[in-house]
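Student: I am new to this structure and would like to go through it slowly with you. Could we look at it together and take one topic at a time?

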Amino acid sequence: MAKKQKETIVEESPVVKMGNDAETLLNNEIFISVMQDLMNAGSTSILRTAPDQKDMRERAYMFYVALNDILLTLRNRVEAKDAELNPSENTDEEAAA
């Protein structure tokens, strides 16, 4: 009974919930499409600025970096969820490294 109770607590933990929500978002076709469009727009803005448009280029770069940070944060949440749900797998990976 203690094992089942532990599994229920882990599955309902904030880390698992955030990880599940992040994974759902990362697998959503509309989200993927919007992020790809925004990343393409950001990189195009960077490349199309004239040499004297430093401020505009820096804003475009920071926009692109922010998008990457969003994706990285979502991926990290999925990894944290996986680590919490499968702690023995993480121990094996660390030992192999």
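Student: Among contacts in the protein chain between residues at least 6 apart in sequence, what percentage join residues at least 24 apart?

Tutor: Keep in mind that this is a predicted model, and that a contact here means heavy atoms within 4.5 Å. Taking the contacts between residues at least 6 apart in sequence and asking which of them join residues at least 24 apart, we arrive at 67%.

Student: Which pattern does the protein chain follow when it is read along the sequence?

Tutor: The protein chain has 5 helices and 0 strands, and with no strands to place, the pattern can be written with helix symbols. Read along the sequence, it is α-α-α-α-α.

Student: Which helix supplies the largest share of the largest nonpolar core?

Tutor: That core has 9 residues, namely Ala-22, Leu-26, Phe-31, Met-35, Met-39, Leu-67, Leu-71, Leu-74 and Val-78. At least two residues of this core come from each of α2 (14-26), α3 (29-48) and α4 (54-85). In soluble globular proteins, nonpolar side chains tend to be buried together. The largest share of this core, 4 residues, is supplied by α4.

Student: Is Lys-81 buried or exposed?

Tutor: Lys-81 lies in helix α4, and, leaving aside residues up to four places away in sequence, Lys-81 touches Val-15, Val-16, Gly-19, Asn-20 and Glu-23. Its relative accessible area is 7%, and because buried means under 20% relative accessible area, Lys-81 counts as buried.

Student: Which residues does Val-78 touch, not counting residues up to four places away in sequence?

Tutor: Val-78 belongs to the largest nonpolar core, and so do Ala-22 and Leu-26. Once residues up to four places away in sequence are set aside, the residues that Val-78 touches are Gly-19, Ala-22, Glu-23 and Leu-26.

Student: Which helix gives the largest share of the nonpolar patch?

Tutor: This nonpolar surface patch, of about 350 Å², is made by Ile-30, Val-34, Leu-38 and Phe-63. Phe-63 is found in helix α4, and with a relative accessible area of 36% it is partly exposed. The largest share of the patch, 3 residues, comes from α3.

Student: How much of the area that the protein chain exposes is supplied by carbon and sulfur atoms?

Tutor: Of the 97 residues in the protein chain, buried residues make up 16%. The protein chain exposes about 7,600 Å², and the part of this area supplied by carbon and sulfur atoms is 56%.

Technical notes. Residues numbered from 1 in each chain as written. Predicted model: local features only at pLDDT ≥ 70, side-chain atom pairs only at ≥ 80, totals over all residues. Heavy atoms only, no water. Core = buried A, V, L, I, M, F, W, Y, C linked by side-chain atoms within 4.5 Å. Buried < 20%, exposed > 50% of the residue type's maximum accessible area, 1.4 Å probe, protein only. Patch = residues over 30% accessible without salt bridge, like charges linked within 9 Å, V, L, I, M, F, W, Y side chains within 5 Å. Areas by Shrake-Rupley, 256 points an atom, 1.4 Å probe, with all protein chains shown as cover. Salt bridge = Lys/Arg side-chain N within 4 Å of Asp/Glu carboxyl O.
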